Structures are given as structure tokens and as C-alpha cells.
Amino acid sequence: MNLEKINTKFRALGKKIIKYRYLILIMFVLLLGFAFNGLKGIESDSSNDAWYFDDDPVIVLENRFERMFGNTDIFAVHVQLDDVFKKENLEKIRELTEELEDKVPLVDDIISITDFEYINGTDWGIDIGDLIPEEIPDNTKELAELKRRALAKKSLFNRLVSDDGKETWILGNLKKDPDNWRKNKDYLTYLQNKAKEYHGLYKEFDLSKPVAPNYITGKVVNKIARQEKYKDLNPRTTGMPCINVDKRVFFAKETPRLMGLGLIISVILLGIFLRSWRGVIFPIITAIGAMIITLGIEGYFKTTVQPSILPMPLFLGLAVAVGYSIHLFNFFKKELLKTGKRKEAVVIAIEKTGWPLLFTALTTIFALMSFVFIKIKSLNWVGYTTAGIVAVTYLLILIVFPIFLSFGRDKKVTAKINNKKSSGLEEKLGNFGKWTLNNTKPIIIIFIVLTLVSVYGITKTEVDFDNERTMGRKIPYVDRMLSVGETKIGSLYSYDIGIEFEKDNIVKDLEFLQKLDIFIQEIEEFPLTKRTTSLLDTLKELNQVLNDGSLEYYKIPETGPMVAQTLLLYENAGGNEIDKWVDYNYKKLRIRVEISDYKQKEISDELQKIEQLGQEFFPEGKVFVSGSIAKYTDMMYKVSLGQVKAFLIAMLIIAVLMMIVFASVKVGLIGLIPNISPALAVGGVMGIFGIPFDMMTSVIIPMLMGLAVDDTIHFINHAKYEYQKRGDYVLSIEHTFRTVGKSLFMTSLILILNFTAYLTSIVKFYVHFGILAGVGILVALLADYFVTPICLNITKPFDEKYKNIDNESKDFHKL
């Protein structure tokens, strides 16, 4: 690789850029306008489905389950009062129940203390009616009797109503999402009819096109429950539709705030380091332009974005734009001070930075593209979007930014340029390079010790999506969700178990029901299980009712004929609650498991245990798990495996690219060391300080490798260039420190301080991301200051034909 020839080509490119600068600017503005129009095509999706591809096995199983029993998601309103069984409280609960049932889209049914199947025994069998009569009594004695009857039912006790009568649920079961809802005209007509009937609730939705079922359902539920008239019920909405809406609203505010703060930090730092309004304004314009162009093009393809991860590619794009612009601007400024000619200074800046920035951009892009090997849609989006922003940023910094710098008057060059401060700093950096090479052994020892500590820390890392650990209770909707889960009747999450057989009526078989009872009892013994709900709850209650309400008969009927007779009585009485738990042919069964807490290892073990128990108890059937927890657990596995894949792929790509470009296996391997170091450091910090791998922190290591390679490439590239001029490693490394040492420090500092914007967030994973990004970038800089020069000096990887060059007589052209 002949750097002189490569630089000549970039010099020719620089001249063409200046020659056609007006045409290029017009094309840039047109492209920006085209892309800006495409931004409206970006769709926000906070649901769990946004993480998955449609053909993912987890989604295939969920779709299969929903075809059997409907939507796995529910919405709920937790009500907390001094006494649920007061007349005015029951009236308000009934009013809220009816309003939810009438106005919320895609509701299947609503269950509340005022509207559920209450089974009574009669002389001729059973009767199914309401616990709370149409006319709610105001007599204290009658109300107390209603309370007693409710709490006497095991199906209600600490389930629908708390044992002290102060808490109750309003639960909403949803219909299956319409097939292909984005293009479903019947679904759109349904929503438009709802909007005509309840204009006030639906007026904020753009119903010229379908709205995501999960979003519109949660939004309407939240609006209804939070009306002033229900304030005395202390209603707290929960369930995935409601939580996802609040999540979307929160991040719609948090993301722009973090981006705004990041821009402010960038402006301040650019102003401090570059001391030029051009060096401040134009890099920001190019950074924002790169974001608009990339996301705008995606918008034309109707890309869906998870709002919580949107800041990641934007912050990285901003940091990259600032870093690249500093490298180019420093060369431009130095040449402008020397010649006073703007256009010539621009051409020289492109000549000297075009190649190292291209190599940096390519390695960063390929490292980020390693995310596509993680089978999670949102992380794939982070990978290709961030890579796209980096690619566009490079082009704009190399083409558009220099054009901005080229306008204006040339400067007068004085006879003597006062550069004392700059020379002093360069001298100090050169001396620092000498000191590094003179202290090789202690630096290597410290490096090895810190690496071992990091490896130890990595062994302690955990993958965990627990909201309290990753999000934090300072976020209102998270605190509400966790608080509801901690109540007597609440639960944090739930998952569903599906059991499917080939033959009809298997579920009616007494032997099967007895096995099912033992199977469920085993699940109820799990540490995280709070309660289960299934066909057996209704069947046991029916048996109890038919035996004068005696608690000892709260069990499965003793014979097969009794089971069949009990179910027949229930059907004849008009019962339909059982339809939620078993299909019409009695060959498909559903069990809902609610959990009290979310601990990654425990829940993973429990789900594996369910699969084992399913094979043991029902070898002739198919047992599978569906719902949010199944997704979370699967995501953790994919993130764990994907993190390793992405790291190894990024490492391999960077090594291969360095070997190819520098035409040296040694250089490629040397380049890996400072790029692996931040990955090890970040993993070590996470393990030692208990920071979990989650959706945000899981992407940081490949991202850091993409950023860290920036400094490494600049250092090695300039070291080789200096060696080709001097033929002496020590002298070449010393001059490399003088030439690029300042720029490496400036870009690293700006990157670190840019990511400090995350530290102002109340979201834990943003704070963790800011800390880890800072640690990784700092370690990358230190590795390039200490480890890279030592490795170059020890291995001597550059072409030996330059070793006899007369260093004193060789002209030195400072980069």
C-alpha cells in the first residue's frame, strides 16, 4: 500500500469537489428534502413484537396459540379503595367496566367484581348469574354479605378481590389482532366506526390508515381509566397495551431531550477545540443531515422503530460526525494558516484525511453490521441504521463539509505564525511517545493484569431484562407496573402454557385431568409463580357448588362420568368462562401462569422445567409456552448468543480489513489488541459492578469496536507513513504522537463527553450505556497510546526496504 499514491487520488477528488461545489450543494439540498419527506414513513412500535421477525419460532408459536385461544396480551385496571364493597365504589367500578367494554377496540370480554360468572348451586343443578345485583343495595348488612360471598370463592379470593376487600381488578381480554392489520380495510372501517361513535376518545388518532392494535387499545384504556370521574378509584392501568403506550410517550420526550443535550455538548466542545464558527456549525449540519438522509430513506420502506433504542444510532452518528470533522478541520486549519488559501487548504485536508477516514468508516460499518447476525429485528435495525449513518456521515464530511469551508475570503499569511502553544503540545506528545517506548515492560505487565481482571469480571456478567434493574423505578410507568405487581392481587408478568392433542375429548378424560392437576401443582411450587388459572379452577368450583359449597369438594370430580355431567350442567346453564381455557373439541388446553418477580436465571430454569414436565406427563401431546415471558427469555438467549457472535464477527472483520489494507498479518493482529481491550474492559466493568446485559448494553461492545478502530487506524496509518519517510520505528512513533496524538485525544474526549448526555437520564440502561461507552472509549485511547506503539516497536511489521533511509536527510512533511 503506497500512501502517497492513495493521497494523490484523494487530492484529485478534492479538486473536483471544489470545481463542482455548487452542483454538489444543490444535490445535497435536494437529497435532504427527499429524505426529510420520507421521515413520516418511520413507524414507532413499543410492543414486544417489534423485536422479532415474523418467521421467528417464538412468533410462530405465539400465532399458533392465538389461533387457538385469542390474544395473549390483556389490559387491566387495578382499583384500590378503603372498601370495594361500598355502594358508591361498586357503582363506579361497574360504570368503568361498562365504559371499557363499550369503547375499547378489539375487546373480547371484561371481567370485574360487577361482571363475571358467579356460580350458585340449586336444587336442580347450577345457576350462573351476577354476584352484584343490577340494583346495588345500600344496606350495610347486604353489602357485607356480598363481600363474604365473594371472598368465600377460591376463584376470587386474592385473585379478583384481595382478602381485605380493598383491592380489585378490572381485566380485559382482547381478540386476536386482525390479520395483516396495516393493510386490513375491515379493521380500518371498524376503527373509523368506533371513532364516529366515541369521537372524544379517538380524535387524536389519524384514522386515514390503520393504527397498531396494541397501541390504540392501550391508549383508549388509559384515557378512559384516567378520567377525573374515576379518580376516587385510584385506578392504575397495566398490561402490555397500556404499558407500551406509556413507554412510547415517555421515550417520545426522553429521546429528543437526550439528543438536544448531545447537540449542545457537541457545539460546546467543537467551539472549545476548534475555535471557529465554521468548525461548530457545519459539522452539526452534516451530522443532522446524515441522520435525516438515512432515516428518511428507511421511511420510504415503512421501517418500524423501537423508541427506546432510537437514540443509539443517532448519538453514534453525532459522535462520528464530530470526530471525523475534527480530523479534517485540523488539517484544513493548519494548511490555511500556512498558505492563506481556502480552496487549496480544503484540497490538502481531503488529501490527508480521505484515506484514513475511509478506512475508519469501513471498519466501523462492518463492525456495526455484525448486528445483523443477531436474530432480533430491533438490533438488526440498530446495526444497519448506524452503519448507514456512518457511511453517509463519511461522505458528507469528505464532500459537503469541505465545501462549506471553501467559501469565504482567503487569509493573509504573516511572516511569522505564532504557533508556540501548538508546538509545545506536539513536543510534549512526542516526549510521551518516547516515554512509552522506554517503559515497555511495566506497561505490558499492567496491561496483562488489567486484562486478567477484566476477564474475571466478564465471568460475573448476567443477561437480565428485569425492568427494575434495566429501567429503574424512577420512570413513572415502570414504578406503577412494579407497584401493581407487589399488591396482593397483582402480578408482574404472566405467560401461557398451551397443550394440544390430536384426538378430541382428551381434556375431558379423568386420567388426563388428574395428571394436569399434578402438573399445575408442580408449576405452583416454582419460586416465581404467584398463581395459575386454568380449566381446573372452574371444574373444581363446579364440583364444590354441586356439593353444597363444601371446601373439601374443591377438587376434580372423582369419576369420568361425573366430569362429563359437571361440564354438561355448566354448558346448559350458559357458562362461557371455560371457553377461554379449552377449545370446543376438548383437545386444546390453556394454562395461564402469573409470576411475582422476574429473575432471568430462575425463569429460564422454570420454563425449561415446564417443557420437561410436559414431556413426562403428556408424551402424546404438544406442550409449549407463549406470552411476554417466553419472548423475554428467548430474547435473553438470543442476546447472549448474538453478543458473542457479533463480537467475534466484528473482531474478525477488523483484523481481516487491517491485514488486507496494510498488506500485513502482523499489522492486522496488532490492530486487534487495542480494539479488543475496550470490549474486555466493558465486560469486566459490567460483571464487577453488576450492570446487566440488556437490549442497550448488549450492543455496546461491537459498537465500541467500531469506534475504537478509529484511533487505531489513524495511529497505525500515520506510523506507517512516518516509517516510509524515516525507516526508524522509534522516530516514526515519536512523530506519529506529534502528528495525530492531539486529534486522537480530542476525538476521544468529545466521544466520551457526548455519551455523558446519557448520564442525565432517569433510565438505568441509558446511564449504564453512558458509563460503559465512556469506559470503552477511554480504554481504546489508552490502548492506542500505550499498547499499539509498543507492539509496533516490538514486532516491526512494516516493509523492511525502508530501514536504511537516512533519517536526517529525508524531508519530513508534517501531516
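F116 and Y118 are both buried. They form an edge-to-face aromatic pair, with 6.1 Å centre to centre and 85° between the planes. The model is predicted. Across it, the count of aromatic pairs comes to 38. An open sheet of four strands also features, with antiparallel pairing, while disulfides number zero.

**Aromatic pairs**

- F432 and F737 have ring centres 5.6 Å apart and planes at 80°; planes over 60 degrees apart count as edge-to-face, so this pair does too.
- The two rings come from distant parts of the chain, 305 residues apart.
- F432 belongs to helix 14 (residues 420-438), and F737 to helix 25 (residues 729-755).
- Burial differs between the partners: F432 has a relative accessible area of 25% and is partly exposed, whereas F737 has 0% and is buried.
- A cluster linked by ring pairs takes in F250, F251, F315, Y477, F755, Y758, F765, Y766 and F769.

**Charges over rings**

- R248 places its charged end over the ring of Y215, 4.0 Å from the ring centre.
- K508 does likewise with Y586, where the charged end sits 4.5 Å from the ring centre.

**The four-stranded sheet**

- The strand order is 3-6-2-7, and the sheet is open.
- Strand 3 and strand 7 (236-238) are the edge strands, each pairing on one side only.
- From one strand to the next, the twist averages 15°.
- Strands of a sheet pair through backbone hydrogen bonds, in either a parallel or an antiparallel sense.
- Strand 3 pairs with strand 6 (residues 167-174) over five bridges, in the antiparallel sense.
- In that pairing, I111 stands opposite L171 of strand 6.
- Strand 2 (residues 74-80) pairs with strand 7 over three bridges, again antiparallel.
- Here V77 faces T237 of strand 7, standing opposite it.
- Strand 3 (residues 107-112) is an edge strand, yet five of its six residues are buried, so the rest of the structure largely encloses it.

**Helices across the sheet**

- Helix 4 (residues 87-103) lies across strand 2, strand 3 and strand 6.
- The angle between helix 4 and strand 3 is about 170°.
- Helix 8 (residues 213-225) lies across strand 2, strand 6 and strand 7.
- Helix 8 runs at about 15° to strand 2.

**A buried asparagine**

- N7 sits in helix 1 (residues 3-19).
- Its relative accessible area is 6%, under the 20% cut-off, so N7 counts as buried.
- Beyond its neighbours within four places in sequence, N7 is in contact with E351, K352, W355 and Y721.

**Cysteines**

- A search of the whole structure finds zero disulfides.
- A disulfide is a covalent bond that joins the sulfur atoms of two cysteines.
- C242 is buried, at 0% relative accessibility.
- C791 has 16% relative accessibility; buried means under 20%, so C791 is buried as well.

Definitions and conventions:
Residues numbered from 1 in each chain as written. Predicted model: local features only at pLDDT ≥ 70, side-chain atom pairs only at ≥ 80, totals over all residues. Heavy atoms only, no water. Disulfide = S-S within 2.5 Å. Buried < 20%, exposed > 50% of the residue type's maximum accessible area, 1.4 Å probe, protein only. Helix = DSSP H or I, 4+ residues; strand = E, 2+ residues; numbered from the N terminus. Pairing = 2+ DSSP bridges. Axes fitted to C-alpha atoms, helices over the stretch in contact; angles between N-to-C directions. Contact = heavy atoms within 4.5 Å. Phe/Tyr/Trp six-rings, centres within 6.5 Å; stacked < 30°, edge-to-face > 60°. Lys NZ or Arg CZ within 6 Å of the ring centre and 35° of its normal.
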